[in-house]
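Visitor: Could you take me through one part of this structure in close detail? I would like to see how a single strand sits among its neighbours.

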Amino acid sequence: SGPGITGGYTMVETFFTIHSRDYYGNQRTTGGDVFAVEIGGTASAEMRMRDNENGTYSVAFTPMIGGDYFISVMMEGVHIQGSPFTVSSDPMPRESYLEMYRALEPSFKDKMQQLMVGGDASGVKAKKKAKPKKEPSNKTWELEIKLLDAKQLMPKDTTVDGNYGTGLVQSSDPYVVFSMGKNTVRSTAVLKDLNPTWNEEMKLPVENRLEKLGVEVMDEDLEDEDDSMGTAQVSLTDLVIGTPKLVTVKLKELNEVGEDTGEGQGEVRMVICMKEAIGQVDTKQLRS
């Protein structure tokens, strides 16, 4: 419960409360339960969690940019009722900012007047404080990809077949390239198959979860440049950390200027799962 699962304002901390219940649905009165809370979507959000030791758990987070966020709350790998929650973050109106600060500080008006004339609340001239240096962000995620199969791929090769070399067979030797920014990974090639099966697992570093996963099927040629058999993109913003998702993408063919030709190029199936970000949780900032 709480405003944190109904919406919030950008750059303003909001919160919600987890109410723990026993097997029979009764409210627990002691702490110690282990909940896994993940907040993703438009961007990562700074989060803090506290065990109130009375069966409730307070979670506070700050949406850094406007957009939709997905809040996942799980216990022993199982989502609680209503999870994952979808909330929207919007910029706070100027008047709301002022009202918030007035409520927090009754003498807000007097202090603002003091500061406007170069002093503080005690009448001493304010000194400029050095801005703290921001630590560089080194957060990275890991996307686990299990490439399953593809169907109805387009042939790129024509080979001679038959006992006397009179038959012509159209086929391809497909493999798949996955990309995120400057990071790429590729599968093995399946020889002469337009409906290949891989069941191959790969891992791809992710530095920005707002970027889309690039998918491109290529035809391997030993004596020439490999040919593109179609491309696709997959959004990762709705992925919940640690929860696999089955994805089927339709391949597109792009012309010289990058426009979709509208001709179907088959489809690719995969299972993707985003793993925990390195440095995502700062234990020093947890509430006491």
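Guide: Here is a close look at strand β5 and its partners. This is a predicted model, in which local features need pLDDT of at least 70, side-chain atom pairs count only at pLDDT 80 or more, and totals for chains, interfaces and linings use all residues. Residues are numbered from 1 along each chain as its sequence is written, and side-chain values use heavy atoms, with hydrogens and water left out. Strands are DSSP runs of E with at least two residues, numbered from the N terminus.

Let's start with the strand itself, β5, which covers residues 56–63. Because 8 of its 8 residues are buried, β5 is largely enclosed by the rest of the structure; buried here means under 20% relative accessible area, with a 1.4 Å probe and protein chains only. Take the two sides of β5 in turn: Thr56, Ser58, Ala60 and Thr62 point one way, while Tyr57, Val59, Phe61 and Pro63 point the other way. Residues on both sides are buried.

Now for the partners, where two strands pair if DSSP finds at least two bridges between them. Strand β2 (residues 14–19) runs antiparallel to β5 and is joined to it by 6 bridges. Within that pairing, Ile18 stands opposite Tyr57 of β5. Strand β4 (residues 45–51) is also antiparallel to β5, with 7 bridges between them, and here Ala45 stands opposite Pro63. β4 and β5 form a hairpin with 4 residues between the strands. In that hairpin, have a look at Glu53, which takes a positive phi near 60 degrees.

Note on methods
Buried means under 20% relative accessible area, exposed over 50%, partly exposed in between (1.4 Å probe, protein chains only).
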